[in-house]
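Reader: Pick one part of this model and take me through it closely. Keep it brisk, and give me the cut-offs as you go.

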Amino acid sequence: MEEIKNFILDNSYFKLDEYEEYSLFTTRRHGILGQDKPGNEDIEEAKKLCRLVNSKFPTVLATWDTCDEWTNLYVDIRKR
């Protein structure tokens, strides 16, 4: 999991919030505060990271979602 974390942190501006079976990376760098809307740039970054992680590390699953101005990237280390 350490290799995956470092890969994401080295290739993006998302910040890490760790959990046990998966890791959560979040950002609101381009989120619209006050309107509770995620930024398009953050969404595109999350999509890009999902593609990269899923292709480079085929035994994990990366997904993304948004909540208010936050864009979240989840990396599940359990086997697919």
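Author: Start with N54, which is found in helix α2. Helices here are DSSP runs of H or I with at least four residues, strands are E runs of at least two, and both are numbered from the N terminus. The model is predicted: local features need pLDDT of at least 70, side-chain atom pairs count only at pLDDT 80 or more, and totals for chains, interfaces and linings use all residues. Residues are numbered from 1 along each chain as its sequence is written, and side-chain values use heavy atoms, with hydrogens and water left out.

N54 counts as partly exposed because its relative accessibility is 22%. The scale is simple: under 20% relative accessible area is buried, over 50% is exposed, and partly exposed lies in between, with a 1.4 Å probe and protein chains only. The C-alpha atoms of N54 and V75 are separated by 9.2 Å, although these residues are 21 apart along the chain.

Now look at the partner of this helix. Two packed helices are described by the angle between their axes and the distance between the axes. Axes are lines fitted to C-alpha atoms, for helices over the stretch in contact, and angles run from 0 to 180 degrees between N-to-C directions. Helix α1 (residues 2-11) and helix α2 (residues 40-56) have axes that come within 11 Å and cross at roughly 145°. The crossing of α1 past α2 is right-handed (the near helix is turned clockwise from the far one by less than a right angle; anticlockwise would be left-handed). On the α1 side, the contact is made by I4, F7, I8 and N11. On the α2 side, E45, K48, L49, L52, V53 and K56 take part. Contact means heavy atoms within 4.5 Å. By class, this contact of α1 with α2 has 6 nonpolar, 1 polar and 3 charged residues. Nonpolar covers Ala, Val, Leu, Ile, Met, Phe, Trp, Tyr, Cys and Pro, charged covers Asp, Glu, Lys and Arg, and the others, Gly among them, are polar.

Next, take F7, which sits in helix α1. F7 counts as buried because its relative accessibility is 16%. Neighbours within four places in sequence aside, F7 is in contact with L52, V53, K56 and F57. F7 and V53 are 46 residues apart in sequence, yet 8.3 Å apart in space, C-alpha to C-alpha.

F57 brings in the rings. The whole structure holds 2 aromatic pairs (rings of Phe, Tyr and the six-membered ring of Trp, centres within 6.5 Å; planes under 30 degrees apart are stacked, over 60 edge-to-face, the rest tilted). F7 and F57 form one such pair, edge-to-face, with 5.7 Å centre to centre and 75° between the planes. F7 lies in α1 and F57 in the loop between α2 and β3 (61-67), so the pair ties together parts that are 50 residues apart in sequence. F57 is buried, because its relative accessibility is 9%.

Now the core. Nonpolar side chains in soluble globular proteins tend to be buried together. The largest nonpolar core has 15 residues, of which I4, I8, F14, V53, L73 and V75 touch the most other members. At least two residues of this core come from each of α1, α2 and β4. The most come from α2, with 4 residues. Such a core is a set of buried Ala, Val, Leu, Ile, Met, Phe, Trp, Tyr and Cys residues joined through side-chain atoms within 4.5 Å. L73 has a long contact list: beyond four places in sequence, L73 touches I8, F14, S23, L24, F25, A46, L49, C50, A62, T63 and W64.

What about polar residues? N72 lies in strand β4 (residues 70-76). N72 is buried, because its relative accessibility is 9%. Past four places in sequence, N72 touches F14, L24, F25, T26, T63, W64, D65, T66 and C67. T26 is found in strand β2 (residues 22-27). A relative accessible area of 9% is why T26 counts as buried. With the same four-place exclusion, T26 is in contact with F14, K15, D17, W70, T71 and N72.

Finish with the loops. D68 is in the loop between β3 and β4. D68 is not a glycine, but has a positive phi of about 55°. D68 counts as partly exposed because its relative accessibility is 41%. D36 is found in the loop between β2 and α2. D36 is not a glycine either, and its phi is positive at about 55°. D36 is partly exposed, because its relative accessible area is 44%.
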